[in-house]
Structure formats: structure tokens, C-alpha cells
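Got the viewer open? Load the model, switch to a cartoon view and keep the selection box handy.

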Amino acid sequence: MKVRKKIRAGIIGLGVGAHQARTLSLHPNIELKWLCDLNKDKLLELNRELPEAKVTQNSKDVLQDEDTDLVCIASYDQFHFEQVIMALNNGKHVYVEKPICLSKIEAKKIHKRLSELPNLRLSSNMVLRTCPLFNKVKESINSNKMGELYYLEADYLWGRKEKLISGWRADASLYSIIYGASVHMVDLIMWLTEKKPLRVQAMGNRITTKGTKQRNNDFAVLLLEFENQMNVKITVHGGCVHPHFHSLKVFGASSSFFHESTGTVWVQSSEPNKKFKVEKEEYPAKNKRKAALISFIDSLININKSAMISEKEVFNTMSVCFAAEQAVKSGKIIEIDYLY
């Protein structure tokens, strides 16, 4: 790859990708070269805001451009694998919206290609790590203030049924609520605890989208077992009647933490009259989510810097999700086969 004072970047998919395009356009070491989307109106609207970029409805224009160094892929899930492989084959770093692909076989092919191209880097958009509230929880866990953890619950209350019953998610032959949504909570738990689960049991249903175009599950529950016997429950609710929210409960031997739509508190005593300590750290802090992409850019500019979400962590999180999807389909407890 050519050495440049600036990294030339392209965006494929202007849903979440529109926010990434704005982040790239403001970075001093980035030249935003391409905007790509199948929707011409959406494409031209963003181009009026970011006129420095070329526009195209054909992703190959971006992926095969010799002068583009970095591609941010935020297209429909079913396109990710082909676009990631094409980007790597054309010498480009990749920042890809979750999920990076839709099967373990595809993940192994991406992993193999990356191993053959040591100068290229990959990361994914696991933005919950940027939230100040969750960072404070992680600090408390790392400092052992909570004591040994024995149980956590993480609930992704997506509450966006309309996205499941219309648009590309409804038309796709496979839309996995685990790959597309549970993945955030899986990554959050593994990042908070710095541990990898050994096995997973999972179930799902499609009750809230029954009678619609959506043929895949809109709900899933995952039960994870870790090496130290710590247990974790993760749920994702695609069609729930609830505002978009990421609920988290952490139980340690010394204290507990509860983050729910009704409030966020630390529980430091079992005494019935002892008041809970209210936590006011910022959540959801959407304005800070760009930090995940910025950290990846900075790791490309300075190879001694690490991205917030490493390639290894991306593959480990997806390994858990692949096993969970297999557990739903088989009704069995699945041993997790990690790529790293």
C-alpha cells in the first residue's frame, strides 16, 4: 500500500455509514473520497453536506479504487462478507458494521485472508464500549470493588419492530437477531469481564412479528457459561414495546449494579433500609460513539496505537454469536469454537 500523509477513505452504505462519513470528513488525517449507497436520493442528500466526496451506487467503484486506503462497510448484512473480502483483496483496511459476516465458514475465510495480509487491519462498530457509564462499570470490575463476579444480565431492548417487518431485514432470506443485535451485548459482556465464555445455550421466537414478512426470530435469549463458573444471560428484543435501551445487571460478591430504564444504581448492602447509590454517569452518550472509528483511524496512522476494538475481539465476539445461533437451531448446548 502507498504511504500517504492522509488516508483516503470510502463509505459503503449511508444508514449508520452517514454518521461515519461525517466523522471521517472531520478527521485531520482523512480524505473522504467516496460515498456509496443504493439509494440515489440518500446519496445525493449527504453529498450536498459533504461535497468533497465522489458518489456512486456501485460498491465496486470504492472497493476496487487503487487510491482508496480504508473502506467503511455499513451495507446490508448479507453483503458484508463479499465486500470485506474484496476490500482486503484490493489492499484496503476495513471498518465493518456488525456482523462482519453471516457464518463461521465466512469468518474463517476473512480470518485466513487477513493472516495472509499482515499490513491490513480490520475492526467493527461495537459502540457500547464508548459509553461513559459502561466504562465506569468496567473500572469498578477491574479494580475489584465489586468482588468476584458470579452473574450478569444484559438486555438489548431494541424496540424497533418497524425495522424488522419492512426494508432489507424483512426481505433477507437470513436476518439473525443474534448477529445483528445480541452481538452488541455479547461484546459488552466480554469487554467488561475480559473473559471468554466456554459454551452457550440459546432459544428464540418470532411472536412479535408473526404474520409479517419477517421469517426469522425477533427475540433470542442466550445463557453463557464461563470457566470460573460465572454465568451470563443475554436477551435481545427486536419487537418489544419499550424505548431503545441497553439494560445491564452485574452481581459481584461485594456489590451489585443495576442499569434499567427506571434508573441506575449501585447496591452496596443487603440491609433493607440502606439506600442505593444513584449513578449519574452519561448514557447512552451517542455523541461519543465516533470514538470507536477514530481509534481505528489512529491505529492506522500510528502502528504503535491499538484500536478500541481489535481484530481478535471482533472474531471472538462473532464466534460466540455463531455458536448461539447454532444452539437456537439445534436446541443443544454448544461448545464455543474460537477463531483466536
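Where is Glu-194? Select it and you land in the loop between helix 9 and strand 8 (197-205). Although Glu-194 is not a glycine, its phi is positive, about 60°. Helices (H or I, at least four residues) and strands (E, at least two) are DSSP runs, numbered from the N terminus.

A word on ground rules before moving on. This is a predicted model, where local features need pLDDT of at least 70, side-chain atom pairs count only at pLDDT 80 or more, and totals for chains, interfaces and linings use all residues. Residues are numbered from 1 along each chain as its sequence is written, and side-chain values use heavy atoms, with hydrogens and water left out.

Zoom out to the whole chain. You should find 11 helices and 15 strands. The radius of gyration is 20 Å, close to the 20 Å that the globule rule gives for 340 residues, so the chain is as compact as a globular protein of that length. (That radius is taken over C-alpha atoms, and the rule is 2.2 Å times the number of residues to the power 0.38.) Along the principal axes, the C-alpha atoms fill a box of roughly 65 × 45 × 40 Å.

Now select 311-330, which is helix 11. Its 20 residues reach 29 Å from first C-alpha to last, close to the 28 Å expected at 1.5 Å a residue (the expected span is 1.5 Å times one less than the number of residues). Step just past helix 11 and you meet Gly-331, with a positive phi of about 70°.

Keep helix 11 and add helix 9 (residues 177-193). The two axes come within 9 Å and cross at roughly 125°. Axes here are lines fitted to C-alpha atoms, for helices over the stretch in contact, and angles run from 0 to 180 degrees between N-to-C directions. That angle makes helix 9 oblique to helix 11; under 35 degrees counts as roughly parallel, over 145 as roughly antiparallel, 65 to 115 as roughly perpendicular and the rest as oblique. To see the contact (heavy atoms within 4.5 Å), show side chains including Val-183 and Met-190 of helix 9 and Phe-322 and Val-328 of helix 11. By class, the contact of helix 9 with helix 11 has 11 nonpolar, two polar and two charged residues. Ala, Val, Leu, Ile, Met, Phe, Trp, Tyr, Cys and Pro count as nonpolar, Asp, Glu, Lys and Arg as charged, and the others, Gly among them, as polar.

Swap helix 9 for helix 5. How does helix 5 run relative to helix 11, parallel or antiparallel? The angle is about 165°, with the axes 11 Å apart, and the pair is therefore roughly antiparallel. On the helix 5 side the contact uses Lys-104, Ala-107, Ile-110, His-111 and Leu-114; facing them on helix 11 are Glu-311, Phe-315 and Phe-322.

Next, pick Leu-339, in the segment after strand 15 (334-335). Not counting residues up to four places away in sequence, Leu-339 touches Ala-107, Lys-108, His-111, Phe-315 and Ser-319.

Two prolines round off the tour. Pro-99, in the loop between strand 5 (93-96) and helix 5 (104-116), is joined to Lys-98 by a cis peptide bond with omega about -10°. Pro-284 sits in the loop between strand 14 (277-278) and helix 10 (290-301), and its peptide bond from Tyr-283 is cis too, with omega near 0°.
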